[in-house]
Amino acid sequence: MTNQKPENATEGGPVIHGTLEMLEDQVYLRFELNLDHAVESVWRAVSVPDELRRWFPGAVDWTPESGETFEAGGALLEVTEVDVPHHLAWTYAGQLQSFELVDVGDGCRLTFVHVFDDLPLAAQTAAGWESYLMRLDPHLRGEHLTEANAHGQWAEIHELYAERFGVDPEPGRKFAEALRSAES
């Protein structure tokens, strides 16, 4: 297993939280955020559909309960593990995604993991998750960071991840260009 951890940007640039690990042919993206909120508050934000919708892409109306399945965005989502209020895991289109919450002082540490098999898309995927995860703390504070504002630094974040992970940035650049063209 290799671990390539991006360093946090400095001087007003974006802070990136993701690491890349490879195990056999699987890409493990891991994001760790220390939050000044109790585990129970963060658990609600990651498990209650109405809260999840405010900051996370593709929220579904789940309980969540192990074994639940849903169609979301044309793919199957299946809840695989639930340990209230510390662990929630699911597969989406065959890819493992999970939240783990650990008490740390007066707050908690959230770890989000996404496992997939397409290394060339690692920077693009990491930049997307970073953009969504940066909406969580404002949500927990009762504020709202729009998806558009969160994605405002996507290109810069993408380039940082591509450089740190040692992957070609072109797939992500093409993806972003296609989105811009579709919006025009």
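Is Phe165 buried or exposed, and at what relative accessibility? In this predicted model, Phe165 comes out at 4% relative accessibility, so it counts as buried, the limit being 20%. That residue is a handy way into the aromatic part of the structure, but the overall picture comes first.

The secondary structure of the protein amounts to 7 helices and 8 strands. A compact globule of 184 residues would be expected to have a radius of gyration near 16 Å, and the protein has 16 Å, which agrees. Along the principal axes, the C-alpha atoms take up a box of roughly 40 × 40 × 35 Å. Of the 184 residues, 43% count as buried. Looking at contacts with a separation of 6 or more, 48% are between residues 24 or more positions apart. On the outside, the protein exposes about 9,700 Å², and 47% of that comes from carbon and sulfur atoms. As for charge, there are 12 positive and 33 negative charges, and the mean positions of the two sets sit 5 Å apart.

Now back to the rings. The count of aromatic pairs comes to 14. Take Phe56 and Trp129: their ring centres are 5.3 Å apart and their planes meet at 25 degrees, so the pair is stacked. Phe56 belongs to the loop between α2 (49-52) and β4 (69-72), while Trp129 belongs to helix α3 (residues 122-133), so this pair ties together parts that are 73 residues apart in sequence. Both Phe56 and Trp129 are buried. Tyr161 and Phe165 make another aromatic pair, this one tilted, with 5.1 Å from centre to centre and 40 degrees between the planes. Here the two partners share helix α6 (residues 154-165) and are 4 residues apart, about one turn of the helix. Tyr161 is buried too, with a relative accessible area of 0%. These four residues also turn up together in one aromatic cluster, made up of Phe31, Trp55, Phe56, Trp62, Trp90, Phe99, Phe112, Trp129, Tyr161 and Phe165.

One member of that cluster, Phe112, is worth a visit of its own. Phe112 sits in strand β8 (residues 107-116) and is buried, with a relative accessible area of 0%. What does Phe112 touch, once its neighbours within four places in sequence are left aside? The contacts are Leu29, Arg30, Phe31, Phe56, Trp90, Gln97, Ser98, Phe99, Trp129 and Leu133. Both partners of the stacked pair, Phe56 and Trp129, are therefore in that list. Glu65 is another matter: 47 residues from Phe112 along the chain, its C-alpha atom is separated from that of Phe112 by 18 Å.

Asp103 offers a second viewpoint, this time in strand β7 (residues 95-104). With a relative accessible area of 49%, Asp103 is partly exposed. Not counting residues up to four places away in sequence, Asp103 touches Val39, His86 and Cys108. The C-alpha atoms of Asp103 and His37 are 9.4 Å apart in space, with the two positions 66 residues apart in sequence.

The backbone has some quirks as well. Where are the cis peptide bonds? One runs from Thr63 to Pro64, with omega near -20 degrees, and Pro64 lies in the loop between α2 and β4. That loop is also home to Phe56 of the stacked pair. Another cis bond runs from Val84 to Pro85, with omega near -5 degrees; Pro85 falls in the loop between β5 (75-83) and β6 (87-92).

Then there is phi. Glu24 is not a glycine, yet it has a positive phi of about 55 degrees. Its place is the loop between β2 (18-23) and β3 (26-35), and at 74% relative accessibility Glu24 counts as exposed. Ala93, again not a glycine, also has a positive phi of about 55 degrees. Ala93 lies in the loop between β6 and β7 and is partly exposed, with a relative accessible area of 49%.

Conventions: Residues are numbered from 1 along each chain as its sequence is written. This is a predicted model: local features need pLDDT of at least 70, side-chain atom pairs count only at pLDDT 80 or more; totals for chains, interfaces and linings use all residues. Side-chain values use heavy atoms; hydrogens and water are left out. Helices (H or I, at least four residues) and strands (E, at least two) are DSSP runs, numbered from the N terminus. The radius of gyration is taken over C-alpha atoms; the globule rule is 2.2 Å times the number of residues to the power 0.38. Buried means under 20% relative accessible area, exposed over 50%, partly exposed in between (1.4 Å probe, protein chains only). Contact means heavy atoms within 4.5 Å. Accessible areas come from the Shrake-Rupley method with a 1.4 Å probe; for residues, only the protein chains shown count as cover. Lys and Arg count as positive and Asp and Glu as negative; His and the chain ends are not counted. The place of a charge is taken as NZ of Lys, CZ of Arg, CG of Asp or CD of Glu. Rings of Phe, Tyr and Trp (its six-membered ring) pair if their centres lie within 6.5 Å; planes under 30 degrees apart count as stacked, over 60 as edge-to-face and the rest as tilted.
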